[in-house]
Amino acid sequence: MKLQKNNLLSMQIKLSPEDFEPATKQEQEDLNKLTANTSYWKDAWRRLKQNKIAMISLVVIILFIIFAFVGPSLSPYTYDQQVRGDENMAPNLKHLFGTDQLGRDLLTRVMVGSRISIIIGVGSALIVLIIGSLYGSIAGLLGGVTDNIMMRIVEIIYSVPDILIIILLQIVIKEPLQKAFDSGSALGWLQKLGPGIVAIFIVYGLLYWVGMARIVRGQVLQLKQMEYINAASALGANNKRLILKHLLPNCIGTLIITTMLQIPSAIFTESFLSFLGLGVSVPMASLGSLASEALNGVQSYPYRLLFPAIAISIIILAFNLFGDGLRDALDPKMKK
């Protein structure tokens with residue numbers, strides 16, 4: 001029986017001297033292509049490019065950034081310019097989005113409002129990223145009683161109704177900020193934004209970092225058990241170096257995803273507060289304040305509400321879809 005199997009193997013596998021010759025240059029190149037190493041970011045970019053919805057969203061975001069930051073400089077009008085005789089004009093060639101009751105060009109005001117929304121979204125997300133990542137990494141690394149106390153604080157803040165606290169903090173913070181602005185002690189660029197926008201940044205710094213902190217803490221609790229962390233500690237690395245050089249860099253995918261998904265949330269919150277009159281100061285335009293102003297004449301001039309509402313919807317939808325695509329691309333578990 002064994003002899004029969006050996007005969008069958010010898011019949012199936014026939015080796016010739018040519019099989020032992022060195023591989024040709026073309027064969028080596030083909031083999032290198034098959035076994036070429038790729039970095040984490042190249043692999044993530046490849047997966048992101050395969051997600052058509054995410055790539056379309058990215059294009060929309062870039063176009064809106066150009067629309068918001070380049071568009072006003074190309075417009076013949078400023079956001080606060082009142083054109084006599086052009087009050088309450090419907091969309092036309094002179095004013096593509098029409099004008100408001102004061103004769104201000106709505107296209108320019110929507111551009112500036114989109115700029116404010118993007119600045120608020122990105123700025124608030126960066127504040128959340130810095131505070132939340134540091135707080136969560138410290139809690140996760142130290143552990144024990146310190147971790148318990150820090151996370152109980154997070155849970156208390158997390159349990160409070162966000163919108164209610166935001167409105168209350170806005171009311172409390174806005175008055176002293178208004179006095180600082182009126183006294184001229186505020187910086188020039190902050191003077192243009194107004195106390196409402198600065199108050200929004202402060203509110204995000206006080207409240208909205210808790211979600212980021214919980215996510216980062218969970219990642220750090222897993223990473224600090226790894227051998228390279230133990231090796232770094234044995235070589236004398238202090239907690240600051242462990243966090244900045246070893247832990248947070250290995251959480252970069254999670255940090256990017258969470259930050260990106262925080263941007264549309266911040267844009268919506270700013271629009272909501274501006275709609276209630278707690279956001280940007282007059283005459284500065286915001287998409288939320290434009291929608292609020294449009295309610296007074298919504299039956300006679302519906303286009304005033306239509307354009308800022310469409311802009312808000314597209315911006316938030318694009319950031320959400322791109323954030324989802326980025327999460328799929330950066331998550332190693334999503335590899336196919």
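A nonpolar core is a set of buried Ala, Val, Leu, Ile, Met, Phe, Trp, Tyr and Cys residues joined through side-chain atoms within 4.5 Å. I needed that before anything else, and I note that the model is predicted.

**Cores**

I looked up the largest nonpolar core first. It has 40 residues. I197, W209 and L247 have the most contacts inside it. I then asked which elements give two or more residues to this core. They are α6, α7 (144-159), α10 (195-207), α11 (210-223), α12, α13 and α14. The largest share comes from α6, with seven residues. A second, separate core has 30 residues. Among its members are A54, I257, I263 and F319. As background, I wrote down that nonpolar side chains tend to be buried together in soluble globular proteins.

**I197**

What does I197 touch, leaving out residues up to four places away in sequence? I found I116, I120, E270, G279 and V280.

**Whole protein**

I counted 16 helices and zero strands. Of the 336 residues, 41% count as buried. I also checked contacts between residues at least 6 apart in sequence: 73% of them join residues at least 24 apart. The protein exposes about 19,400 Å². Carbon and sulfur atoms supply 64% of that area.

**α12 against α13**

Next I took helix α12 (residues 227-234) and helix α13 (residues 239-247). They pack at an angle of about 140°. Their axes are 11 Å apart. The crossing is right-handed. From α12, the contact uses Y228, I229, A232 and S233. From α13, it uses L242, H246 and L247. I sorted these contact residues by type: five are nonpolar, two are polar and none is charged. L247 appears here and also in the list of residues with the most contacts inside the largest core.

**I229**

I stayed in helix α12 for I229. Is I229 buried or exposed? I229 has a relative accessible area of 2%, so it counts as buried. Not counting residues up to four places away in sequence, I229 touches L223, K224, L242, H246 and L247. I checked one pair by C-alpha atoms. I229 and H246 are 17 residues apart in sequence and 7.3 Å apart in space.

**α15**

How many of the eight residues of helix α15 (residues 287-294) are buried? I found six, and the helix is mostly covered. The buried ones are L287, G288, S289, L290, A291 and A294. They pack against α6 (106-142), α14 (252-275) and α16 (303-330). I see α6 and α14 again, after meeting both among the elements of the largest core.

**L177**

I found L177 in helix α8 (residues 162-182). Its relative accessibility is 16%. The cut-off for buried is under 20%, so L177 counts as buried at 16%. I also looked up its distance to V198. The two are 21 residues apart along the chain, and their C-alpha atoms are separated by 8.1 Å.

**N88**

Last, I checked a backbone angle. Most residues other than glycine have a negative phi. N88 is not glycine, yet its phi is positive, near 55°. Where is the place of N88? I located N88 in the loop between α5 (71-74) and α6. N88 is partly exposed, with a relative accessible area of 28%.

Methods:
Residues numbered from 1 in each chain as written. Predicted model: local features only at pLDDT ≥ 70, side-chain atom pairs only at ≥ 80, totals over all residues. Heavy atoms only, no water. Axes fitted to C-alpha atoms, helices over the stretch in contact; angles between N-to-C directions. Helix = DSSP H or I, 4+ residues; strand = E, 2+ residues; numbered from the N terminus. Left-handed = near helix turned anticlockwise from the far one by under 90°. Contact = heavy atoms within 4.5 Å. Nonpolar A, V, L, I, M, F, W, Y, C, P; charged D, E, K, R; others polar. Buried < 20%, exposed > 50% of the residue type's maximum accessible area, 1.4 Å probe, protein only. Areas by Shrake-Rupley, 256 points an atom, 1.4 Å probe, with all protein chains shown as cover.
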